[in-house]
Each structure stands twice: as C-alpha cells, then as structure tokens.
Amino acid sequence: MSVQDPRRRIPRTDRLLELPSVRAAAAAVGTRVVRDLARAVQDRARRGEIAPEQVEPQLVEALASRRPGSLRPVLNATGVIVHTNLGRAPLSAAARTALERASGYADVEFDLATGARSRRGAGARAALLAACPARLPSGEDLEALVVNNGAAALLLAATALAGGREVILSRGEMIEIGAGFRLAELIASAGASIREVGATNRTHREDYAAAIGPATGALLSVHPSNYRIRGFTAAVGIAELADLAHEHALPLVADLGSGLLVPEPSLPEEPDATGALEAGADVVITSGDKLLGGPQAGIILGRAPIIARLARHPMARAVRADKLALAALEATLTGPVPPVLAALRLDPEQLRGRTEALAQALRAEGIEAGVVPHDGRVGGGGGAEVPLPGWALRLPEAWAAPLREGDPAIVGTVRDGACLLDLRCVPEESDPLLLDALTAVRR
Ligand SMILES: *Cc1c(COP(=O)(O)O)cnc(C)c1O
C-alpha cells in the first residue's frame with residue numbers, strides 16, 4: 001500500500017467504535033454486531049466502493065436502521081384472518097400494553113400484599129372463568145389452566161388422563177393441523193394409543209361403545225377446524241359422547257381448536273367452549289391465538305378435579321405458559337373486542353368504502369387500480385369454507401413482490417394475473433401508510 005493509498009484513511013475498528021456518533025447509534029446493539037457491521041463497511045471502503053470518509057456515516061446509518069430482531073411487521077392484505085404463516089392473531093392494543101408491562105420483573109407468582117409466593121397466572125385464570133359462563137352438568141366448579149399452545153394442552157390431557165392406555169377417536173376426526181402435524185401422532189407421542197373407530201364419513205355411538213374396554217383411558221372429540229366432511233355423513237355430538245363416556249366412568253376431552261369461549265353469531269357452525277362444557281365434555285381444549293384473538297396459548301377448561309389432575313402432572317411444568325402469554329391473554333379477555341373478532345364482524349359496505357377511497361386516491365396518482373368482490377376467510381383457526389364477503393383492491397400482478405419487500409411488508413394475494421389487496425385485516429389507521437407504500441412502488 002503506497003503512502004497515498006486512500007485505504008490508509010479507512011478508520012480502524014477500535015477508533016470507529018469510540019466515535020461519539022457510532023456509540024450513540026450503537027446503544028441498542030450488541031458489541032459483536034457493531035463490530036460485524038463496522039467490518040462490513042470497512043470492507044466496502046477497501047474495495048473502493050465507498051470513500052474512507054464515508055465509513056463513519058455509513059456505519060452510523062447501518063446501526064440506526066438495524067432492528068432488534070429479524071421478524072418484520074406485515075400488513076396482512078390477504079383477507080385471511082387467522083393466518084398461521086403471518087403469526088395468527090394480531091394482539092389488541094390492551095394486550096400489547098400488558099405485554100410491555102409484564103416484560104420486566106412482574107408479580108407473576110408473587111403476592112405484593114403479603115410478600116409471599118402466589119399462584120402463577122391467577123389473573124389469566126380469573127379472566128378465563130369470567131369469560132366462559134358454563135354451568136357444568138355435574139354441578140362441579142369450572143376450572144381453567146393455561147399452557148403453551150393447543151397441541152401442548154392436548155398432549156397434557158392425553159398423558160395425564162390416558163397415558164399407557166387408549167384414546168378413542170373417530171376416523172373422521174384424525175386431523176392434520178398443518179405442516180404435516182397430525183393430532184393422532186401427537187397423542188401417540190404422549191404414550192397413549194389411538195383407537196380409531198367408525199369410517200371417514202360416518203361414525204356412530206355404537207362404534208365408540210364397542211371400542212370401550214379395560215384399556216380405554218378417554219374419549220376424544222376433535223373439531224375438524226380446517227376441513228368439512230359433506231354428503232353421506234354422521235358424527236356423534238358432544239352430549240351423546242359424554243353420556244357414553246360417563247356410563248363407563250371415562251372422561252370426554254373435546255378439542256375445539258378455534259378458541260371461541262361463547263357462541264359467535266357470525267360463525268353459527270363453530271363450536272364454543274361453553275356449549276361443549278354444558279353438553280357434558282369433561283375437558284375442553286382451545287387455542288389462544290385463533291378466534292380468541294390473543295397470544296399463542298393452550299386453554300384448558302373443565303371440571304375442577306380433572307383440571308387439578310392435569311395441573312399436578314409433571315408434564316404441566318414442561319408446557320406451562322410464560323408470563324408474557326399470561327399477561328396478553330388476560331388483557332385480551334378483559335379488553336375491548338380484539339382485532340380478530342373485529343375483522344370477522346366487519347361490515348362489507350365499510351370495507352368497500354375504504355377500498356374505493358384507496359383506489360380513487362391511487363387513480364388520482366395515475367395508478368391503475370380497481371375494486372373487485374373478494375371473500376375473506378377465517379383461516380386455520382376455524383370456519384372452514386365459510387366465505388366472508390368483502391372487497392379487494394386490484395393492482396397489476398407485478399406489484400406483489402415489491403409490496404412484500406417494502407417496509408412495512410404488505411402481503412396480498414396473486415390471482416388471475418392480478419395482485420389483490422383485501423383490507424379486512426389491515427387496521428383502518430394504516431390506510432394512509434398503505435397509500436404511501438403503493439405510491440412508492442410506482443416510483
Ligand atoms: C389449531 C388446532 C390445534 C393446535 O393448536 P395450537 O395452538 O396451534 O397448538 C389442535 N386441535 C385443533 C382442532 C386445532 O384446530
């Protein structure tokens with residue numbers, strides 16, 4: 001390197017990291033990451049891509065634009081409300097605040113009045129019991145337990161109630177919930193074996209009755225949340241299954257998946273925990289981040305003595321909910337209507353108005369934008385095949401990729417040579433943001 005070589009002017013790493021401008025920008029970034037970024041910028045200067053004088057400002061810029069995690073927020077313009085690939089339920093403002101408050105030290109198992117240890121998740125439990133007004137046919141008290149997710153709830157129930165024995169399940173309910181995840185295999189992994197009964201399309205009470213024997217640990221009813229069996233079909237309802245189970249002193253576990261605690265008028269076919277418990281299910285399992293609209297969680301509701309058995313099982317510790325989930329769940333249950341239910345109940349005319357307004361603003365900018373009818377979907381969380389009438393903004397197909405890669409990322413649907421943006425799951429206050437992003441794509 002000659003004396004005149006500009007590369008001599010590239011600041012050394014240690015010098016760079018001591019600069020006040022770099023230190024200020026690096027306040028929220030770990031030392032290793034700061035060094036990596038510094039090296040990357042220095043390398044660019046060595047290759048002659050930037051001048052040595054550019055190293056400091058470029059490093060400051062790289063540090064300032066760094067985000068603490070790699071997950072990026074997305075505007076969900078697919079119209080699919082519970083979109084598993086996009087993180088399922090968006091949290092309500094109340095739940096976000098509760099998350100923030102619980103994120104430091106918090107009294108999750110501590111009684112501030114007495115200074116003694118207290119029951120973990122007492123607030124979430126109370127909120128669940130208040131939100132599920134079921135009166136049990138047995139006359140016993142209702143009890144609630146929150147675990148990591150729906151699958152964990154099922155695993156715990158199968159292990160504690162039927163470990164080493166059989167769980168009877170209809171062939172029409174042997175569901176795969178996604179990404180190759182099969183409920184029957186999950187239960188088998190708990191050391192219980194699945195006793196399949198009936199046929200794919202039809203299962204009768206006698207099928208269950210004939211399978212019950214000394215090896216039976218529990219009867220299981222699973223709501224087929226992501227498909228429908230139509231045509232020549234028969235299934236046994238919760239009430240009838242509960243009668244049969246109780247004749248043999250066996251528990252009936254009902255996995256509802258969806259998360260509804262009470263009936264939802266806009267989804268009359270969807271089962272709810274209150275209905276299943278009042279029909280006689282001993283244990284009901286639902287997810288926290290589907291139609292309930294909360295954080296990932298597995299919610300177990302049922303007869304107090306059985307829930308106590310699950311809570312005492314050693315596996316309960318391995319699947320317990322963390323303080324953040326407990327905080328967000330409680331806030332979801334006690335707060336205003338969460339975004340999931342708001343999106344579900346949205347008036348199509350309101351959706352049309354917003355979509356038209358956006359299309360008009362775009363056309364004023366010379367962008368070709370149409371408005372077309374578009375059905376939203378409940379998503380993996382329930383309401384299989386229930387269309388939610390609405391509207392979508394129609395843009396050229398080529399817009400889909402830049403929209404996905406923008407900030408915020410906007411994910412729509414590509415169909416019939418067009419990019420469709422359904423505003424159902426886009427918060428109304430984000431409409432100006434969407435308009436900015438769209439006009440930016442054109443540029
Ligand atoms: C979604 C679902 C599950 C799994 O729940 P997670 O919370 O995703 O673990 C189990 N059973 C049914 C019927 C479901 O729909």
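Helices here are DSSP runs of H or I with at least four residues, strands are DSSP runs of E with at least two, and the numbering goes from the N terminus. Keep in mind that everything below is a predicted model.

**View 1. A cis peptide bond sits between Asp-407 and Pro-408.** Let's start in a loop: Pro-408 is in the stretch that links α17 (400–405) to β16 (409–411). The bond joining Asp-407 to Pro-408 has an omega of about 5 degrees. For background, most peptide bonds are trans.

**View 2. Thr-413 and the residues it touches.** Here we look at strand β17 (residues 413–415), which includes Thr-413. Leaving aside residues up to four places away in sequence, Thr-413 touches Thr-78, Ala-418, Cys-419 and Leu-420. Ala-400 is 13 residues from Thr-413 along the chain, and the C-alpha atoms of the two are separated by 7.7 Å.

**View 3. Arg-88, a loop residue with a positive phi.** You'll find Arg-88 in the loop between β2 (80–82) and α5 (93–102). Its phi is near 55 degrees, and Arg-88 isn't a glycine. Most residues other than glycine have a negative phi. Arg-88 turns up at the ligand too: one of its polar side-chain atoms lies 2.9 Å from a ligand oxygen atom.

**View 4. The ligand and its shell of 14 residues.** Which residues come nearest to the ligand? They are Gly-150, Ser-225, Asp-255, Ser-287 and Lys-290. Sorted by class, the shell has 5 nonpolar, 6 polar and 3 charged residues. Now zoom in on some ligand oxygen atoms. A backbone N or O atom of Ala-151 lies 2.8 Å from an oxygen atom of the ligand, while a polar side-chain atom of Asn-149 lies 3.5 Å from an oxygen atom of the ligand. On its own, the ligand exposes 380 Å², and the protein buries 94% of that. Two elements, α7 and β9 (252–257), each give two or more residues to the shell.

**View 5. Helix α7 packs against helix α12.** How are these two helices arranged, and what angle do they make? Helix α7 (residues 150–162) and helix α12 (residues 304–312) pack at about 100 degrees, with axes 9 Å apart. Angles of 65 to 115 degrees count as roughly perpendicular, so that is how α7 and α12 stand to each other. On the α7 side, Leu-156, Ala-157, Ala-160 and Leu-161 make the contact, and they meet Ile-306, Arg-309 and Leu-310 of α12. By class, this contact has 6 nonpolar residues, 1 charged residue and no polar ones.

Definitions and conventions
Residues numbered from 1 in each chain as written. Predicted model: local features only at pLDDT ≥ 70, side-chain atom pairs only at ≥ 80, totals over all residues. Heavy atoms only, no water. Axes fitted to C-alpha atoms, helices over the stretch in contact; angles between N-to-C directions. Parallel < 35°, antiparallel > 145°, perpendicular 65-115°, else oblique. Contact = heavy atoms within 4.5 Å. Nonpolar A, V, L, I, M, F, W, Y, C, P; charged D, E, K, R; others polar. Near = heavy atom within 4 Å. Polar contact = N/O pair within 3.5 Å; in protein donor to acceptor, adjacent residues only side chain to side chain. Areas by Shrake-Rupley, 256 points an atom, 1.4 Å probe, with all protein chains shown as cover.
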